[in-house]
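Biologist: Could you take a close look at one part of this model for me and walk me through what you find there?

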Amino acid sequence: MTLALTREVSPSFASCELTHLDREPIDVARAMLQHRRYEGCLVELGCDLLRLPAELACPDAVFVEDCAVVLDELAVITRPGAESRRGETESLARALRPFRPLGVVEAPSTLDGGDVLRVGRTLFVGLSSRTSPDGVAALERLVGPFGYRVVGVTLDGCLHLKSAVTLVAEGTLLVNPRWIDLGPFGGLERLEVDPAEPHAANALRIGDAVVFPAAWERTRRRLEQRGIEVCPVDVSEIAKAEGGVTCCSLVFDVTPAG
Ligand code: CIR
């Protein structure tokens, strides 16, 4: 069975970190509603939901993806680059412990899960303002023994690697080529976002479908023309906090007990 781990939107969500966006008023009640609908979409696509309660002191805690990298063999608990987010990892580690052995990224290294894109046995890792080179090395030490290759990727103009590139089908990437060096991705097919929609490269693949922000209609058409099933979700308030669709869940397979 496939589990989607999520966390409720914090009442303090409007005080989120922002790096590349200007602060706009966020309707937190609406963000909560949009988050519920996003969860509904994951359930429709066959996931079982494990929803953690909101972290009142952590405005960004809904973005669970940044605090862990969950692989079949282990879960790596990250050390987020933003200091305000470091308090999020403890409860997440507790939630993941029943499902995977844990590895931990230790200080002073930093790593955000939003910078890690898995394609088969390769982990592409964005060298963003949140992920340090020694964070990449720490990840490599933890996952190398399981046969994963770790490849650093330079990026510019966006928050995380997965703001600029995600996997939307076997062997096919959705990319904004203006934000990353695509050199390390040689051999994989690329579908570019519509130039009018620079933030549209963040799609969440579940089975053969992708969960995708409803706002990016032009890029959605490109996906559908490729034969990819798109489940649109309205994440307008979540986007104001610089969040996308991958960052609101950790999706992984579990073996049912018994
Ligand atoms: C932050 O700046 O950390 C949050 N406001 C947004 C994090 C989004 N995470 C992601 O794309 N993986």
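Modeller: Sure. Keep in mind that this is a predicted model. Let's begin with the strands: β6, residues 116-119, pairs with β7, residues 122-127, in the antiparallel sense, and the pairing runs over four bridges. In that pairing, Leu-117 sits opposite Phe-124 of β7. The two strands make a hairpin, with two residues left between β6 and β7. One residue to check in your viewer is Gly-120 in that turn, as its phi is positive, about 60°. If you follow the side chains along, remember that in a regular strand they alternate between the two faces of the sheet.

Now for the ligand. The space it takes up is the second largest pocket. There are 14 residues around the ligand, and the ones that come nearest are Asp-60, Glu-65, Asp-66, Arg-130 and Ala-241. Sorted by class, that shell holds seven charged residues, three polar ones and four nonpolar ones.

As for polar contacts, the side chain of Glu-65 has an N or O atom 2.8 Å from a nitrogen atom of the ligand. Asp-66 has a side-chain N or O atom 2.8 Å from a ligand nitrogen too. With Arg-85, the partner is an oxygen atom of the ligand, 2.8 Å from a polar side-chain atom. And how much of the ligand does the protein cover? On its own the ligand exposes 350 Å², and the protein buries 97% of that.

Technical notes
Residues numbered from 1 in each chain as written. Predicted model: local features only at pLDDT ≥ 70, side-chain atom pairs only at ≥ 80, totals over all residues. Heavy atoms only, no water. Near = heavy atom within 4 Å. Polar contact = N/O pair within 3.5 Å; in protein donor to acceptor, adjacent residues only side chain to side chain. Areas by Shrake-Rupley, 256 points an atom, 1.4 Å probe, with all protein chains shown as cover. 1 Å grid on protein atoms, 1.4 Å probe; cavity = no way out; pocket = protein on both sides within 12 Å on 5 of 7 lines; lining within 4 Å. Sits in = over half its atoms within 2 Å of the grid points. Nonpolar A, V, L, I, M, F, W, Y, C, P; charged D, E, K, R; others polar. Pairing = 2+ DSSP bridges.
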